[in-house]
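Have your viewer ready and follow along, one selection after another. Each stop tells you what to pick and what you will find there.

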Amino acid sequence: MIARTRTRRLSERAVRRLVHGGLTGATFFYIGVLVVAPLVGIAVAALKPGWSAWRSVFTDPFARHAYLLTAVITGQTVVVTAVLGVVVALVLARDRFPGRRLVSAVVDLPLAVSPVVVGLAVVLLFGRGGWFEPWFAAHGIQVIFALPSMVLVTIFICIPFVVREVAPLLEELGTEEEEASRTLGASPMQTFFRVTLPNIRWGLLYGIALTTARALGEIGAVLIVSGTIAGKTETATLYVLRAFDESQDTAGYVVALTLALISILLLAAIEIFKSKEERRRG
Amino acid sequence: MSSGIVIESLTKSFGLFRAVDDVSFEAEEGRITALLGPSGSGKSTVLRMIAGLEDPDEGRIWVDGEEQTPKPPQDRRLGFVFQHYALFRHVTVRQNVAFGLSVRKASKAEQRSRVDELLELVGLSYFAERYPDQLSGGQRQRVALARALAPRPKVLLLDEPFGALDARVRQELRRWLDGLHRELGVTSLLVTHDQEEALELANEVVVMRMGRVEQIGVPEAIYNRPVTPFVAGFVGASNVLRGVVWEGHVHFGHSAVAGAEHLADGAAAEAYIRPHDVTVDRAPRDLSFPVMVERRTNLGWMSKLHLRLEDGQVLVAEVPNDETLGLSVGERAFAGLHGAKVFDAGRVEPSAAEPEPEPFGAESDAMAEAV
């Protein structure tokens with residue numbers, strides 16, 4: 001009797017271990033095949049032709065312009081989505097107003113809508129015959145097939161990241177620390193920069209990293225609004241697309257790999273800094 | 001104008017709920033004044049309005065002879081201690097305490113010496129470089145107190161400062177705060193729902209209920225001369241016996257208690273009697289009446305006796321163990337009452353008679369069963 005219970009318990013444990021091991025294996029397989037393998041593939045393809053291929057890409061004026069344009073779009077997107085994202089997160093976390101849930105749902109819309117649709121919407125608004133086209137034309141501002149529309153669609157697509165990272169932190173933080181700060185003589189501005197911001201900084205940095213990664217990789221919406229004029233409105237991702245079109249595969253791989261590496265390094269850096277800070281605090 | 005805190009007709013509603021309704025009182029300089037009341041009585045809202053964290057709908061607030069009502073919180077120079085400490089979790093204890101000095105641009109040297117001084121005062125010098133989440137609740141609240149005191153506030157506002165601590169630490173910290181106040185003499189306003197805390201710490205007590213002031217007085221007056229049934233019931237757990245007034249006494253069944261001189265004969269009355277104002281005896285005495293012991297709970301040095309009166313009402317008596325005469329459940333005895341506070345039953349609102357929940361109740365019952 002005793003022996004039987006023991007074997008049964010053991011076998012139960014063995015089954016549990018098997019299931020656990022199986023799930024772990026599935027996770028590694030899933031991530032490995034879908035995330036790591038393609039990255040390794042691109043890395044191999046980009047590195048195989050040797051350094052000369054890299055040199056030729058980095059000296060190509062079109063490639064350099066594409067990098068620069070991507071950097072400019074990403075930079076502007078990060079600044080706008082970080083500032084407005086924190087504002088929206090503050091409003092969503094702190095204020096109670098009718099329609100709050102609707103606003104919260106709308107913030108997630110860019111994740112649900114295809115970037116192509118976003119691009120088309122901007123063309124409809126700012127393109128020939130669009131609602132806003134006459135005003136901008138009258139003021140001599142070229143929106144469509146130019147930088148403004150490209151930044152606009154990228155910002156739209158990146159809106160959710162900072163908001164979704166920061167809002168839960170603000171809810172968890174509550175208002176007591178901020179109230180304490182006010183009673184200790186800090187103005188609302190001082191309170192924001194000395195109490196609120198430090199408490200949401202990791203969420204904000206994560207949001208910025210995700211925004212950066214997404215902005216670097218954006219192609220669908222930008223493809224539609226930019227017109228893809230090489231050396232003018234061609235971003236790094238559009239350059240990759242054109243490189244493959246023109247059978248310049250190596251150039252495509254090199255640019256693709258650099259974009260991927262920048263995103264990976266960014267996320268890794270934040271992870272490292274964060275764990276270092278946590279260790280410092282014991 | 002007094003140099004402490006003066007509150008004049010303060011009123012505040014949240015939506016349809018009138019949280020604070022025409023509240024006026026003064027907190028004397030250099031003293032501890034307690035705002036005592038059950039949760040939802042508006043006492044914390046009053047405190048938050050004094051600090052500027054809440055805008056009053058009506059009324060005015062003066063501190064040190066200076067009107068505060070229109071000022072934003074940062075210009076009021078008041079120390080505020082929160083129930084849940086509200087320490088800045090991303091910085092060290094030292095930086096927490098220095099916060100109020102650094103936002104006011106005090107020099108680094110001044111900050112350092114003031115912070116050292118305060119950490120010494122609250123006995124946490126050793127923990128200066130720790131983070132709040134590395135401290136116990138009692139230590140955190142002492143840091144919060146040091147932080148509030150650092151910029152030398154004109155008054156100290158304490159919002160249920162011991163509410164989040166366990167009973168033992170609460171006792172300890174209460175005694176410590178009392179000592180600290182004796183040393184510093186800073187005008188303090190303490191919000192609490194714990195009558196014992198208010199009576200022990202405060203020089204004056206403002207009892208609040210449903211947004212209004214019920215009674216203002218020194219602890220002795222609040223305890224011994226409650227002016228409303230609510231105060232009689234809330235401050236010190238009370239028995240409530242219902243009866244009819246006759247010749248200055250409240251009569252229930254064959255028994256009576258004095259203290260109804262202010263009521264007309266024949267009026268329905270309620271007598272509030274503290275459990276320790278009940279004595280038990282085996283033989284009848286003047287004005288004592290027969291009771292039956294229904295339940296006996298041993299609390300160590302005293303016992304709690306549940307006594308059934310002849311007319312069916314129940315009386316709880318707290319009697320030192322050497323005066324219980326070995327009475328046990330089912331035995332008959334005679335109870336004598338002292339110091340009853342009698343109110344016209346027409347005035348009595350039902351919620352006032354609700355007994356205070358007692359934190360020791362559950363444990364002591366278990367203890368009695370074990371005995």
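Start by selecting helix H3 (residues 61-94) and helix H8 (residues 147-173) of chain A in this predicted model. Their axes come within 6 Å and cross at roughly 40°. Angles from 35 up to 65 degrees fall in the oblique class, so H3(A) is oblique to H8(A). Look at the handedness too: the crossing of H3(A) and H8(A) is right-handed. If you wonder why both an angle and a distance are quoted, two packed helices are described by the angle between their axes and the distance between the axes.

Now hide chain A and show chain B as a cartoon. Its secondary structure comprises nine helices and 20 strands. Along the principal axes, the C-alpha atoms of chain B fill a box of roughly 75 × 50 × 35 Å. Colour by burial, and 43% of the 371 residues in chain B come up as buried. Draw the contacts between residues at least 6 apart in sequence, and 66% of those in chain B turn out to join residues at least 24 apart.

Next, pick out the open sheet of four strands in chain B, whose order is E2-E1-E4-E5, with antiparallel pairing. Which strands stand at the edges? They are E2 (17-27) and E5 (66-67) of chain B; each has a single partner strand, so one side of each is left without a neighbour in the sheet. Zoom in on strand E1 (residues 5-14) of chain B, which pairs with E2(B) in the antiparallel sense over seven bridges. To see a bridge up close, select Leu10(B) and its partner in E2(B), Val23(B).

Keep the sheet on screen and add helix H1 (residues 43-51) of chain B. H1(B) lies across E1, E2 and strand E4 (58-63) of chain B, and it runs at about 115° to E1(B).

For the last stop, select helix H4 (residues 137-149) of chain B. Its 13 residues reach 18 Å from first C-alpha to last, close to the 18 Å expected at 1.5 Å a residue. Is H4(B) largely enclosed or largely open? Of its 13 residues, 11 are buried, so H4(B) is largely enclosed by the rest of the structure. Among those buried residues are Arg140(B), Arg142(B), Val143(B), Leu145(B) and Arg147(B). To see what covers them, add strand E6 (78-81), helix H2 (93-102), helix H3 (108-121), strand E7 (155-159) and helix H5 (167-184) of chain B, which are included in the cover.

Methods
Residues numbered from 1 in each chain as written. Chains lettered and ligands numbered in written order. Predicted model: local features only at pLDDT ≥ 70, side-chain atom pairs only at ≥ 80, totals over all residues. Helix = DSSP H or I, 4+ residues; strand = E, 2+ residues; numbered from the N terminus. Buried ≥ 20, exposed ≤ 12 C-beta atoms within 10 Å, placed from the backbone. Contact = placed C-beta atoms within 7 Å. Pairing = 2+ DSSP bridges. Axes fitted to C-alpha atoms, helices over the stretch in contact; angles between N-to-C directions. Expected span 1.5 Å × (residues − 1). Parallel < 35°, antiparallel > 145°, perpendicular 65-115°, else oblique. Left-handed = near helix turned anticlockwise from the far one by under 90°.
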